[in-house]
Amino acid sequence: MPTGPGCGPAIGDQQTICLVHRISYAVYRKNMSAIVFQDVTKRYYRDFWHRKPVTALSDFSMTVEAGSCFAFLGLNGAGKSTALRVLMGLTAPDAGGAAITVDGSRTHPLSRVGFLSEGTRFYPHVSALALLKTAARLSGVGAADADRRALELLAFVGLEGIGGPVKNFSKGMRQRLGLAQALVNDPRLLILDEPFSGLDIAGRREMLERLQLLHDQGTTIFFSSHLLSDIQQLATHCGIIHQGRTCGTYRVAALGLPLEEFFLQTIGQ
């Protein structure tokens, strides 16, 4: 608790001023959070009659600090994709909620936020350049800047000069295109669901390098992945979800164990 001249000699004044300090610090901490999940519960049902509910998330809470590169870890079926869908407004929770904050203010998910979902599908008969130009225009980029931005992003993800329709792209090429699409609005927060899926060893290394560059430039990154060795190279923080519940959030540098070993110990396997 703060002491000294700022709190004054009187007990009542001291308590009041120190309470203001604590509230101000709480607001400061809140503004440092890029993503907040608060007591999120989401159930799915096996049939029309809502029998046999499946709980994907149960009182799930997690905070992602602004400026971090945050790895979201969990087994298949743990609830990672459901949490991301709730965060992006693609599905409604049964209880609780999630919020995105960019530059100290809550924002619509399409403003200064880039999103790559798992298994993203594109219009099959258009080129990568045309797709990115369209995505840029839809995100509010002007016509002249959209052309420039699309070409820059194709070069950034290693698809420069590749023509033809997207339907002829390999899975790894589509994953690169998905990252480029997530970057068209120059996001301050990047949310990626399994960004390394479909990439070979060289592709994974290139993706790691690009994400590291984006993080070094000040982008907050929140991503899910099963490739724990790659995550340990990139992530500053991690959060673990198991059976729809939060196990905790951690600084990767302070784990004291290889990430895979720590993850398995945390979920009890």
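Helices (H or I, at least four residues) and strands (E, at least two) are DSSP runs, numbered from the N terminus. This is a predicted model, in which local features need pLDDT of at least 70 and side-chain atom pairs count only at pLDDT 80 or more, while totals for chains, interfaces and linings use all residues. Residues are numbered from 1 along each chain as its sequence is written, and side-chain values use heavy atoms, with hydrogens and water left out.

**Exercise 1. Describe the lining of the second largest pocket: its helices, its central residues and its classes.**

Step 1. Fix the term. On a 1 Å grid over the protein atoms alone, a pocket is an open set of points with protein on both sides within 12 Å along at least five of seven lines. A cavity is a set of points where a 1.4 Å probe fits but cannot get out. Lining residues have an atom within 4 Å of a point. Grid points are joined across faces, edges and corners, and a volume is the space filled by probe spheres set on the points.

Step 2. Take the volume. The second largest pocket holds about 250 Å³ of space. It has 13 lining residues, and R149, D186, L214, Q217 and T219 are the closest to its centre.

Step 3. Assign the helices. α4 (143–156) and α6 each supply at least two lining residues. α4 gives the most, with four.

Step 4. Sort by class. Ala, Val, Leu, Ile, Met, Phe, Trp, Tyr, Cys and Pro count as nonpolar, Asp, Glu, Lys and Arg as charged, and the others, Gly among them, as polar. The pocket lining then has six nonpolar, two polar and five charged residues.

**Exercise 2. Do the same for the largest cavity.**

Step 1. Count. The structure holds one cavity of 30 Å³ or more. About 50 Å³ of space lies in the largest cavity.

Step 2. List the lining. It consists of V157, R176, L179, L199, G203, E206, M207 and R210.

Step 3. Assign and sort. α5 and α6 each supply at least two of these residues, and α6 gives the most, with four. The classes are four nonpolar, one polar and three charged.

**Exercise 3. Classify the ring pair F196 and F223, and say which parts it ties together.**

Step 1. Set the rule. Rings of Phe, Tyr and Trp (its six-membered ring) pair if their centres lie within 6.5 Å; planes under 30 degrees apart are stacked, over 60 edge-to-face, and the rest tilted. The whole structure gives seven aromatic pairs.

Step 2. Apply it. The centres of F196 and F223 are 6.2 Å apart and the planes stand at 85°, so the pair is edge-to-face.

Step 3. Place the residues. F196 is in the loop between β7 (189–193) and α6 (201–216), and F223 is in strand β8 (residues 220–224), so the pair ties together parts 27 residues apart in sequence.

Step 4. Check burial. Buried means under 20% relative accessible area, exposed over 50%, and partly exposed in between (1.4 Å probe, protein chains only). F196, at 3%, is buried. So is F223, at 1%.

Step 5. Look further. F37, F60, F70, F72 and F222 form one aromatic cluster.

**Exercise 4. Which charged residues lie over the faces of Y44 and F156?**

Step 1. The test: NZ of Lys or CZ of Arg must be within 6 Å of the ring centre and within 35 degrees of the ring normal.

Step 2. K42 lies over Y44, at 5.3 Å from the ring centre. R210 lies over F156, at 6.0 Å from the ring centre.

**Exercise 5. Is helix α2 enclosed or open?**

Step 1. Helix α2 spans residues 80–87, and six of its eight residues are buried, so it is largely enclosed by the rest of the structure.

Step 2. The buried residues are K80, T82, A83, L84, V86 and L87.

Step 3. Just after α2, G89 takes a positive phi of about 75°.

**Exercise 6. Compare the settings of D59 and E194.**

Step 1. D59 has a positive phi near 50°. E194 has a positive phi near 55°. Neither is a glycine.

Step 2. D59 is in strand β2 (residues 53–65). It is partly exposed, at 47% relative accessible area.

Step 3. E194 is in the loop between β7 and α6. At 8%, E194 is buried.

**Exercise 7. How many disulfides are there?**

Step 1. A disulfide is a pair of cysteine sulfur atoms within 2.5 Å. The count comes to zero.

Step 2. C69 is buried, at 0% relative accessibility. C238 is buried, also with 0%.
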